[in-house]
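Student: I'm new to this one and would like a close look at a single part. Could you walk me through a helix and its side chains, and then show me what else turns up elsewhere?

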Amino acid sequence: AKTVMGDRLVLVGGGDALGNWNPVENGLELTTTERDYPLWKSEPVRVHSSTATPLAEYKYVRLTSAGKTQWEFDGKNRCVPGECTYGNMLVDDGHFGTVSEFCAFPDGEKEQKLLRDRFNLQPIGDGLRLIVLGDAAAAGHGAPSYEGWAAGLGKLLQDKFGYGYTNISDPSFTAENAVQMGLSSMLPKPVP
């Protein structure tokens, strides 16, 4: 969010963990750095699992140095969908005042594996198996409900050809890792 010196940005929503819609007294303070600005972030927020959909509703509020309270928009709230029960999640809400599709990804190896594995498919009959080894994008980071391009490709290949699909991607995977694993023949070659 764009701010001026002295402004504060807070997260506020329903329930005690999110400040009970009281930004001035209970809002969760967001922080930024000179390097990260205009990206702001909060400390971890624990939203308890429940059968409710959505799990939580919230908004961002700018508290100006002049004492004014500026809600990011009237009406529609941001929300954490009920299917987001994979443990620790990092949420990317995009821009202040713009609600886009909920985008979150697991914050931890165990949570990443749980989400990634739910898209794995068994081959039909004698179908082949596609194994995806890649970086954060291949693992589904940044995609709604973690269903990235690789999961979509796996589903398409199963529907069309009966292929199985397994994603063993790792957000920290690099080309150097591929070489160390003996997979250098699979890396793209520079064009002369």
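What follows is a tour that starts at one helix and then moves on to other side-chain contacts.

Tutor: Happy to! Keep in mind that this is a predicted model. Let's start with helix 4, which covers residues 149-161. Which two residues of helix 4 sit four residues apart, about one turn of the helix? They are aspartate 159 and lysine 155. Their side chains meet in a salt bridge, with 3.4 Å from N to O. That fits a simple idea: side chains of opposite charge can pair when their charged atoms come close. Now check how open each partner is. Aspartate 159 has a relative accessible area of 57%, so it counts as exposed. Lysine 155 comes out at 46%, so this one is partly exposed.

Stay with helix 4 for a moment, because leucine 153 also has its place there. Together with Trp149 and Leu156, Leu153 makes a nonpolar surface patch of about 310 Å². At 32% relative accessibility, leucine 153 is partly exposed. Patch members need over 30% relative accessible area, so leucine 153, with its 32%, clears that bar.

Now look at phenylalanine 161, which forms an aromatic pair with tyrosine 163. The ring centres are 5.6 Å apart and the planes make an angle of 40°, so the pair is called tilted. Tyrosine 163 is partly exposed, at 24% relative accessible area. The whole count comes to three aromatic pairs, and this is one of them.

Back to salt bridges: how many does a search of the whole structure find? The search gives four. Besides the one in helix 4, they include a pairing of arginine 78 with glutamate 72, where the closest N and O atoms are 2.8 Å apart. Are these two residues buried or exposed? Both arginine 78 and glutamate 72 are buried.

Another salt bridge joins the side chains of arginine 35 and aspartate 36, at 3.5 Å from N to O. Here the partners fall into separate classes: arginine 35 is exposed at 75% relative accessibility, while aspartate 36 is partly exposed at 22%.

One last stop involves a charge and a ring. The charged end of arginine 62 sits over the ring of phenylalanine 96, and the distance to the ring centre is 4.6 Å.

Conventions:
Residues numbered from 1 in each chain as written. Predicted model: local features only at pLDDT ≥ 70, side-chain atom pairs only at ≥ 80, totals over all residues. Heavy atoms only, no water. Buried < 20%, exposed > 50% of the residue type's maximum accessible area, 1.4 Å probe, protein only. Phe/Tyr/Trp six-rings, centres within 6.5 Å; stacked < 30°, edge-to-face > 60°. Lys NZ or Arg CZ within 6 Å of the ring centre and 35° of its normal. Patch = residues over 30% accessible without salt bridge, like charges linked within 9 Å, V, L, I, M, F, W, Y side chains within 5 Å. Areas by Shrake-Rupley, 256 points an atom, 1.4 Å probe, with all protein chains shown as cover.
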